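Reader: I am new to looking at protein models. Could you walk me through how to read one?

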Amino acid sequence: MFEDYDDLNSDQLIAKQIEMRRKLTTALNAGMSGQILDQLQTMIDYIGIEIKSKSAIEAMKTGDDDDDSNGDGVSLGIG
């Protein structure tokens, strides 16, 4: 249904999202049907999810390993 964005990094995904937003604007200005506009918006949303996913994965890879948490991502500071 959608293109495969697995091989793209975050910067490339952002560029793809900008490109899709331009296409959506062009489609709006051309008076395209609502179904086409909805498909374009869905693709933009999908790319946004991919960007967030890749950012979260990158953050986990470069995350702080020197904290006092037990590895579950939750730490409590008492006192």
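Reader: Let me start with one residue. Is Ser10 buried or exposed?

Author: Good place to begin, and keep in mind that this is a predicted model. Residues under 20% relative accessible area count as buried. Ser10 has a relative accessibility of 11%, so Ser10 is buried.

Reader: Where does Ser10 lie, and which residues does Ser10 touch?

Author: Ser10 lies in helix H1, which covers residues 10-30. Leaving aside residues up to four places away in sequence, Ser10 touches Lys54, Ser55 and Glu58.

Reader: Now for charges. What is the general idea behind a salt bridge?

Author: Side chains of opposite charge can pair when their charged atoms come close.

Reader: How many salt bridges does a search of the whole structure find?

Author: The search finds two. In one of them, the side chains of Lys16 and Glu19 meet, with 3.9 Å from N to O. In the other, Lys23 pairs with Glu19, and the closest N and O atoms are 3.3 Å apart. Together, Lys16, Glu19 and Lys23 form a linked network of salt bridges.

Reader: How are these partners placed along the helix?

Author: Lys16 and Glu19 are both in helix H1, three residues apart, which is about one turn of the helix. Lys23 and Glu19 are four residues apart in H1, so about one helical turn separates them.

Reader: Which of the three residues are buried, and which are partly exposed?

Author: Use the cut-off from before: under 20% is buried, over 50% is exposed, and partly exposed is in between. Lys16 is at 17%, so Lys16 counts as buried. Glu19 has a relative accessible area of 32%, so Glu19 is partly exposed. Lys23, with 41%, is partly exposed too.

Reader: How can I check the length of a helix, say H2?

Author: Compare an expected span with the one in the model. Helix H2 runs over residues 34-61, and at 1.5 Å a residue its 28 residues should span 40 Å. The end C-alpha atoms of H2 are 40 Å apart, so the two values agree.

Reader: Which residues of H2 are buried, and what covers them?

Author: The buried residues in H2 are Leu37, Leu40, Met43, Ile44, Ile47, Gly48, Glu50, Ile51 and Lys54. What covers the buried residues of H2 includes H1. You met Lys54 earlier, among the residues that Ser10 touches.

Notes
Residues are numbered from 1 along each chain as its sequence is written. This is a predicted model: local features need pLDDT of at least 70, side-chain atom pairs count only at pLDDT 80 or more; totals for chains, interfaces and linings use all residues. Side-chain values use heavy atoms; hydrogens and water are left out. A salt bridge is a side-chain nitrogen of Lys or Arg within 4 Å of a carboxyl oxygen of Asp or Glu. Helices (H or I, at least four residues) and strands (E, at least two) are DSSP runs, numbered from the N terminus. Buried means under 20% relative accessible area, exposed over 50%, partly exposed in between (1.4 Å probe, protein chains only). Contact means heavy atoms within 4.5 Å. The expected span of a helix is 1.5 Å times one less than its number of residues.
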